[in-house]
Amino acid sequence: EKCEDDDGPYYWHIKSGTIQREPPSPAPPDLRETLRQISINSDSSTASADSIPSTPSSIASTDDHLQEFEDHALQYAVKSLKNLSNQNRSRSGYENGEKAVRYAVSSLGWVPIAEEDLTPERSNKAVNKCIVDLTLGRNDINDVVGRWGDGKDLYMDLDTDSLRLIDPQDLSVLNYQPIHTIRVWGVGRENGRDFAYVARDKLSRNHMCHVFRCETPARHIANTLRDLCKKIMMEKSLQQSALTRLTRPTDLPNLEPATTQSSTSGEKLTFHSLYSNASFPTPMEEPKKVLRCHYLGSEAVNKPTGMDVLNSAIDGMLQNRPPEKWQFVGVAVAPSTITITEHGNPDNKIEECRVRYLSFMGISMSNVKLCAFIVHKAEDEFISHVFHCEPSAGPLCKTIEAACKLRYQKCLDSQHRYSGKQKEKKNKV
């Protein structure tokens, strides 16, 4: 509203109460013209309906209402643009992946959790303690913790990429947690609607346990998160298998000299023609490492494990077998087998042991050049094999240890593939 005093005219903003000397900036021409046209049409229709002539006071009142209406329209336009941008930002997570699974939750807060409590043996108890502390407010802990959305109702969206907390009012993303950064999750023991997950904080780099109260049973969220992690692991395993198939050949053609004539067609045999026509699979030979050492022999022991059992076997073999009777051998260590062959004559196989049946291995306490491993045979029979290595038995033992680890990893991979096939069969049924 325009007013005047001794210093000249000034302008008073009715809604906010602010006063300024400069004239207010006019509204955009197109918006002002549109609003004015709407107001004139509305006034003219009202006047024609009521047949009441307009007076100067009524015109001034109409201009005031029009100005106030323009201000409200501009504020509404600004808010609409903000909401639209927030919606676009929150929906950007769905463009590159499948539709997320949504749950209604409310944040109870988050508390730090120690790194040593995240082991498989202690994580269950530690996460449940965090849930109990935040739900029951022990030691007034609720006075110092923060809550996503100030404890109001939120949306928790889960997909293969992330766990997102979304404000239901404007659909803005309050927290974005990548799935691969979540260490542990669980459901409350006291209340089946309490859910928690543990992840490292971006700023403090400490692990935090985030606790939520869910409208649905929390095990639904836990099961969804479990299925997403399984899906991610299966996709990663498939990608690795595809890369392995691409990098390893499966066909091995017999290449003859280019001058050799085919007896049937009379055409020359070339590498390209043979390789393109070869379709037979060739067995993949396992990587292996051959080490040279002396083999003292083998003898039965009464237990599958124990350093005392191993040292007793080594000492007994050392006393009963003189050095001139030791065999100089080559020990070929592969992920599935340990093969002992005569040196210089690989066809003479002295012993072959499956890595999966190794129960114990170690170096002699009295002589680092002596080592042995124990193999579990049929009918609970345990056989120890003793070796003498120069200058130390460490390389042989380290190689066998690496083979055992690789064998164990293969067992885990096959188990993942088996569980994936079982799940596919259930889905088909």
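## Cysteines and disulfides

The structure holds no disulfides; their number is zero. Cysteine 209 takes part in none, and the nearest cysteine sulfur, which belongs to cysteine 130, lies 4.1 Å away. A disulfide requires sulfur atoms within 2.5 Å, so a pair at 4.1 Å does not qualify. The model discussed here is a predicted one. Cysteine 209 has a relative accessible area of 0% and is therefore buried. Its neighbour in this pairing, cysteine 130, is among the buried residues of helix H3.

Cysteine 389 is likewise in no disulfide, and the nearest cysteine sulfur to it is that of cysteine 293, at 4.4 Å. With 4% relative accessibility, cysteine 389 counts as buried, because the limit for that class is under 20%.

## Overall architecture

The protein contains seven helices and 17 strands. Of its 429 residues, 31% are buried. Among contacts between residues at least 6 apart in sequence, 57% join residues at least 24 apart. The exposed area comes to about 28,200 Å², of which carbon and sulfur atoms supply 53%.

## Helix H3 and its surroundings

Helix H3 covers residues 123–136. Its 14 residues should span 20 Å at 1.5 Å a residue, and the end C-alpha atoms are 20 Å apart, so the expected and modelled spans agree. Glycine 137 follows H3 and has a positive phi, near 70 degrees.

The buried residues of H3 are Ser123, Ala126, Val127, Asn128, Cys130, Ile131, Val132, Asp133 and Leu134. Their cover includes strand E4 (101–112), strand E8 (182–187), strand E9 (194–200) and strand E10 (207–214).

## Helix H6 and its surroundings

Helix H6, residues 307–320, also has its length described by the model: 14 residues reach 20 Å from the first C-alpha to the last, close to the 20 Å expected at 1.5 Å a residue. Buried positions in H6 are Val309, Leu310, Asn311, Ala313, Ile314, Gly316 and Met317. These residues pack against strand E11 (289–301), E15, E16 and strand E17 (381–388).

## The loop at serine 366

Serine 366 lies in the loop between strand E15 (358–363) and strand E16 (370–377). Its relative accessibility is 62%, and because this is over 50% the residue counts as exposed. The side chain of serine 366 makes a polar contact of 3.2 Å with that of serine 364.

Isoleucine 314 is separated from serine 366 by 52 residues along the chain, with 9.9 Å between the two C-alpha atoms. Ile314 is one of the buried residues of H6, whereas serine 366 is exposed.

## Nonpolar cores

The largest nonpolar core has 21 residues, and those touching the most other members are Val331, Val333, Ile338, Phe373, Phe387 and Leu396. At least two residues each come from E11, strand E12 (327–333), strand E13 (337–342), E16 and helix H7 (394–428). H7 gives the most to this core, with four residues.

Leaving aside neighbours within four places in sequence, valine 333 is in contact with Pro287, Lys288, Lys289, Leu291, Ile338, Leu396, Thr399, Ile400 and Ala403. Apart from the largest core lies another, of 20 residues, which includes Val105, Leu165, Phe212 and Ala222.

Notes. Residues numbered from 1 in each chain as written. Predicted model: local features only at pLDDT ≥ 70, side-chain atom pairs only at ≥ 80, totals over all residues. Heavy atoms only, no water. Buried < 20%, exposed > 50% of the residue type's maximum accessible area, 1.4 Å probe, protein only. Polar contact = N/O pair within 3.5 Å; in protein donor to acceptor, adjacent residues only side chain to side chain. Expected span 1.5 Å × (residues − 1). Contact = heavy atoms within 4.5 Å. Areas by Shrake-Rupley, 256 points an atom, 1.4 Å probe, with all protein chains shown as cover. Core = buried A, V, L, I, M, F, W, Y, C linked by side-chain atoms within 4.5 Å.
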